[in-house]
Amino acid sequence: LAANRPEIEATGARLALVSREAVDITADKWETARFFQRLGLPTPRSWLPEQIDPERADYPLFIKPRFGSAGKDAFPIADARELRFFRDYVPSPIIQERLAGAEITSDVVCDLSGQVLAVVSRRRIEVRWGEVAKGVTVYDGRITEGCLQVARALGACGPITVQCMMKGEIPYFTEINARLGGGVPLGIAAG
């Protein structure tokens, strides 16, 4: 949709969707990590395969495709043997420090001018095939402020979903989806 915005909007329709440049950032988990770093938001330490030595790495780690979705081909890594195997198994991987805390997903809704209308966060309790099956709404001012910062820097229009993992009491920002998440009914039900 973002690639064809001019043609679609020439019909009189308006897209509640981020720009093509923002789609490129959110679709690539390596670029997303670099985006969070530029904003000064905590994010897991991240490497491309050629940037990490399996024998010297600090485990545990986590590996996932740079361009993946729904948790497909994402695996925890416990040691050098697993890292060597999954580096070759996972397509175009990104390797990150593994954070074992709660996963918080925030639905962020912006109007057509980019003004943030709402941020609703939920802690994932149960996930199936990468989508939340059970969750509970939560509020953490640091997460909300981080989401506002992300939305402004992306020039968000319409919905985005911002994900983070807790490391102790600190939210580490991990991913952005340029759409509403599968758990958005929980936020709607919560008002």
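Trainee: Which element gives the most to the lining of the largest pocket?

Mentor: That's S9, with 4 residues. Helices (H or I, at least four residues) and strands (E, at least two) are DSSP runs, numbered from the N terminus. Bear in mind that this is a predicted model, where local features need pLDDT of at least 70 and side-chain atom pairs count only at pLDDT 80 or more, while totals for chains, interfaces and linings use all residues. Residues are numbered from 1 along each chain as its sequence is written, and side-chain values use heavy atoms, leaving out hydrogens and water.

Trainee: What makes a residue part of the lining?

Mentor: On a 1 Å grid over the protein atoms alone, a pocket is an open set of points where a 1.4 Å probe fits, with protein on both sides within 12 Å along at least five of seven lines, and lining residues have an atom within 4 Å of a point. Here 39 residues line the largest pocket, and Lys64, Gly71, Glu103, Gln163 and Glu175 lie nearest its centre. Helix H2 (20–27) and strand S9 (170–177) are among the elements that each supply at least two residues.

Trainee: What classes of residue are in that lining?

Mentor: There are 14 nonpolar, 14 polar and 11 charged residues. Ala, Val, Leu, Ile, Met, Phe, Trp, Tyr, Cys and Pro count as nonpolar, Asp, Glu, Lys and Arg as charged, and the others, Gly among them, as polar.

Trainee: Why are H3 and H5 called roughly perpendicular?

Mentor: The axes of helix H3 (residues 29–39) and helix H5 (residues 141–154) cross at roughly 105° and come within 11 Å. Roughly perpendicular covers 65 to 115 degrees, so H3 and H5 earn the label. In their contact (heavy atoms within 4.5 Å), Phe35, Phe36 and Leu39 in H3 meet Gln149, Val150, Ala153 and Leu154 in H5. That makes 6 nonpolar, 1 polar and no charged residues.

Trainee: How do you know that H2 and H3 are roughly perpendicular too?

Mentor: Their axes come within 5 Å and also cross at roughly 105°, so H2 and H3 get that name. Ile25, Thr26 and Ala27 in H2 meet Lys29, Glu31, Thr32 and Phe35 in H3. Those residues divide into 3 nonpolar, 2 polar and 2 charged.

Trainee: And the whole chain, how many helices and strands has it?

Mentor: The chain has 6 helices and 9 strands.

Trainee: Why is the chain called as compact as a globular protein of its length?

Mentor: Its radius of gyration, taken over C-alpha atoms, is 17 Å. The globule rule (2.2 Å times the number of residues to the power 0.38) gives 16 Å for 191 residues, and 17 Å is close to that, so the chain fits the description.

Methods: Axes fitted to C-alpha atoms, helices over the stretch in contact; angles between N-to-C directions. Parallel < 35°, antiparallel > 145°, perpendicular 65-115°, else oblique.
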